[in-house]
Each structure stands twice: as C-alpha cells, then as structure tokens.
Amino acid sequence: MIAAMAVPADAAPAEDVRRVRRDPDAGMIAGVCAGIAGRAGIDPIIIRLAFVAAALFSGAGLIAYALAWIFIPARQGGTVAARLRPARGNIEAVIGIGLLVLSAALLLRAVGWWVSDAVVWPAIAAAIGGALIWRQFVGPGGAAPAEATARAVQAEPRVEPLPGARRLSVAGVGVTLVLGAALVFLWANGALDAAGDAVLATVVVVVALGLILAPVWWRLGRNLAAERAERIRSQERAELGAHLHDSVLQTLALMQRRADDPREVAALARRQERELRAWLLDRPAARADKSLAGALEAAAAKVEESHGGGIEVVTVGDCALDDRAEAVLAAAREAILNAAKFAGDAGPIDVFAEVTPRRIEVFVRDRGPGFDPSSLPHDRHGVRESIVGRMERHGGRTEIRTGADGGTEVELSLERGAS
Amino acid sequence: MSGRPGDTVSLVAGLAIVGLGVLLVLDALEAIDLSLGYLAPAVTATAGAILLVHGLSRSRER
C-alpha cells in the first residue's frame, strides 16, 4: 500500500520549553508577565506588580517591558484566537516606520524647516488617526468575518484581518487621535479660549468614562475572541465529520458489499488511504499535474492499482514539472512499473525522491530476485531506452544495483541546472 | 543579503547603535554640539530602523 509522505524542508523545530516565551493568550498586554510567570511557575500578578513598581522608578519598568515585548518571542502553536491576531512583524514594521517619520519631523524642526508646532503635530496625529480608521473599515483589515475565519483556520502567511472587537478598538484609537489633533489645533491657535472650560469638562468626563468602561471593553473583547475560537473549532469538527461521512464511511460500506473479492477490497482500502493522507496533509489533487512529488505519487498509485502490491513513496522537497522533472518522472514511472511487474509479489516497493535546488534524485527499490542489466536482450527497450537512455538524453545518469541476496535498486539522478 | 533574517536585523541594529554611540562620543569630546533637538531624532531613527527591519524579517519568516 502507498504511504506517501511529503517532508517539508522548512519544518519548524520543536519549541524549547526551557526558554521564556511570551503568552499573549494569558496576558493583559503582550503576555510578557504571563510568559515569565509560566516559566518560573509563579502567579503572573507577582511579575506584573514588579513591572509596575519598576515603572515608578523613572519608567524603568515600561522600558523593560517594551524591550521584553520586542525581544522575547511569543510561544508557538497558539490557540485559534491567537492566530486571529494581526502579525506581530507587521505591527513592528508600522511602529518602525512611524518612528522614522517622527525622527524626520524632529530633524526638520531642529534645523528650522518647520511651519509651526500648532500645525504640524496635529496634522501628523490626524493623519495617523485617519489611516487607522481607513484601514479598519476600508483596507485589508475590513475583510468579511467569514473570510477572516477561513484564513485563521488555514493559518495562511498573509495579513490577517482583525476580529470585530479589536477592529473597533483600533478604530477608536484612530478616532481619538483625529479628535485630539483637531482639539489641539484649535487650542494652539486660540480658537478654544472662549469654550475652554466646557472642553476641559468634556475631556475629563470622557477620560473618566473610559477608565470606568475599559475593563468591561477588555472583558468583552476576550469573550468575543473565545466565542469566535469556539465557533471555528465547531466548524472544523463539522468539516471533519462531513469528510468522514463522504469518504471513509462510504468506502467502508462499499467494502462490505464487495467482501467476496479480496483484490477489490484491497484496492478500495488503498485508494481510501491515499485520499485520507492527502486530505490530512492538506495536499490538493491538482498538485499531481504541477509538482514532481505529486506526479510521482500519482504514478505509483496508478501502478499499484493496475498491478497490485504495495508501493511506499517518500518525497523530500518538490519542484515544478518542467522538462527535466518530466524526464525523471517518466524514468521513475518505468522503474516502478518494472518493479511491480517482476518483483511485486516479493514485498513492498520503496520509492524515495529528494529534490534540492541543484539536483533531483529518485531511488526505486524492490525485494525481487534481481537482474543483471548487461544481460538484458537487445529487443527489451524498457530499461535501456525508457530509463537509461531517457536520463542520458537529459544529462542525467542511471545506476542499477542488485544485492547479493536479491533486490534491485534503480537510482536516477539529474542536475536541475544542467543543460 | 542572503543570510538568515536574524543576521540582517543584528547588522542593522548594530550599525544603528554604533552610529548613535559615535554621535554621543563626539558630543562628549565637544567635537559637535548634540542638543536635545538633534539627539531625539537620532534616538527615534535608531529605534525605528531596528523595529522596521525586525518587523520585516518577521513578516518574511511567516
């Protein structure tokens, strides 16, 4: 039976549990205190109090927290809710650009190329606020919730849209910036002198309300994120159930009806196994037309269905099906076919393919009696032309080895960059 | 640069901080007069460059 395994070249290493990792899920801001407390095995409130106390000494705690936020990575394999958050790299890049713009503004101010503090600073604040509002409701952050959910489930490496509550929070910051900039502009130009007391009273009331309602908003955001994560999990369960019903259960029912034909039952089981593996590894069927690994697995599956036996395919790396890859594929297909025809009953056939940026290598091993390539009759073109000749025409090479106790290994090797 | 992303970040961060350090040394030696008006943009530019490169490298890693 086919056990097709694609080993990604960039597989992430297992996370070292001894290292400190931020825990954004359990944290109040960036999860620095929760991560340190989790590593030390103490209550996060102790670390939080230590940071607050340090912040009272010339802001040392704030600086330490900011540095920890930057340099301590978040733990991997977070929850679905964590995956819904925007990419941290994007936030850092935006803050970096903001600081560079601020630096340019400060430099212009220092050298005297400056209009007026009363104009430029409110204008910059209003521009930032406007950009935040625009991005949340018009830009990529304003994607539909269903699309956001789908992207979060698939964890695609792209800009994730923000969940509704977070989007409103960011938009709120933008609105505050724009309103604040307008007020500062009016105040700096003396337009607020007449209504100064009323504006001050309004600002005080708004700040007080914000302080009162902040914990409620924070809790509301947490609840919404948890509810959203639960909904995504339930969608995943429903999708899994539907897939099992449409594929595995149907195949099992079919196998019961064909129980008197062992060959047919084995073929059904192998086909279902291939489909299930492809689904679990999230490999679309179309890949067989475009990539060498997919095409190799498809070719092995076809030979297995027509000749029986078991063929185990392992691929490391992959490449597009260009002329050179097509040549290796055709030669490998012929080698697999020969192994299935002449050694299929002796045990499973192993196919190992490795694709690097410079080379394609495929090994086909069987457990048959073996043969001497030089003793093949001249009218047998399978090995001589379809394998050896084809590889040589494309600048590759073929080695056929037979062990002392039987078994044949066909090695196909082709430089990808060679002409 | 074809090295690891972390190498680029370290290089930019190191160069930016060295540049800032050179400015501070020149000011201490009174070779230049580094007032707050010039120091503030230098510090914010250093922090901004580090954050920008670090953020871009993280985005590429995703």
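Me: Among contacts in chain A between residues at least 6 apart in sequence, what percentage join residues at least 24 apart?

Reply: This is a predicted model, in which local features need pLDDT (the predictor's confidence in each residue, from 0 to 100) of at least 70, side-chain atom pairs count only at pLDDT 80 or more, and totals for chains, interfaces and linings use all residues. Residues are numbered from 1 along each chain as its sequence is written, chains are lettered from A and ligands numbered from 1 in the order in which they are written, and side-chain values use heavy atoms, leaving out hydrogens and water. A contact requires heavy atoms within 4.5 Å. Among contacts in chain A between residues at least 6 apart in sequence, the share joining residues at least 24 apart is 64%.

Me: What ipTM does the model score?

Reply: For chain B, the mean pLDDT is 80, and 84% of its residues reach 70 or more. The model has a pTM of 0.40 and an ipTM of 0.84.

Me: How much area do chain A and chain B bury between them?

Reply: Chain A gives 22 residues to the contact and chain B gives 17 residues. Buried area is the accessible area (1.4 Å probe) that two parts lose on being put together, summed over both. Carbon and sulfur atoms carry 69% of the total, which is about 1,600 Å².

Me: Which helix supplies the largest share of the side of chain A that touches chain B?

Reply: Across this interface there are zero salt bridges (a side-chain nitrogen of Lys or Arg within 4 Å of a carboxyl oxygen of Asp or Glu) by the rule. There are three residue pairs in polar contact, both at pLDDT 80 or more, meaning N or O atoms within 3.5 Å, where within protein one must be able to donate a hydrogen and the other to accept it, and residues adjacent in sequence count only if both atoms are side-chain atoms. Helices (H or I, at least four residues) and strands (E, at least two) are DSSP runs numbered from the N terminus. The largest share on the side of chain A, 16 residues, comes from helix H5.

Me: Why does A:Arg109 count as partly exposed?

Reply: A:Arg109 forms a salt bridge with A:Asp117 (2.7 Å, N to O). Buried means under 20% relative accessible area, exposed over 50%, and partly exposed in between (1.4 Å probe, protein chains only). A:Asp117 is partly exposed at 33%. A:Arg109 is partly exposed because its relative accessibility is 41%.

Me: In which helix do A:Arg233 and A:Glu230 both lie?

Reply: These side chains form a salt bridge, with the closest N and O atoms 3.3 Å apart. A:Arg233 is partly exposed at 35%, and A:Glu230 is partly exposed at 38%. The two residues are three apart, about one turn of the helix, and both belong to chain A helix H9.

Me: How many residues apart are A:Asp350 and A:Arg367?

Reply: A:Asp350 and A:Arg367 form a salt bridge whose closest N and O atoms are 3.1 Å apart. The pair links distant parts of the chain, with A:Asp350 in strand S3 and A:Arg367 in the loop between strand S4 and helix H14, at a separation of 17 residues.

Me: How many salt bridges does the rule count over all chains?

Reply: Some of the bridges share partners, joining A:Arg365, A:Arg397, A:Glu399, A:Arg401, A:Glu409 and A:Glu411 into one network. Over all chains, the number of salt bridges comes to 13.
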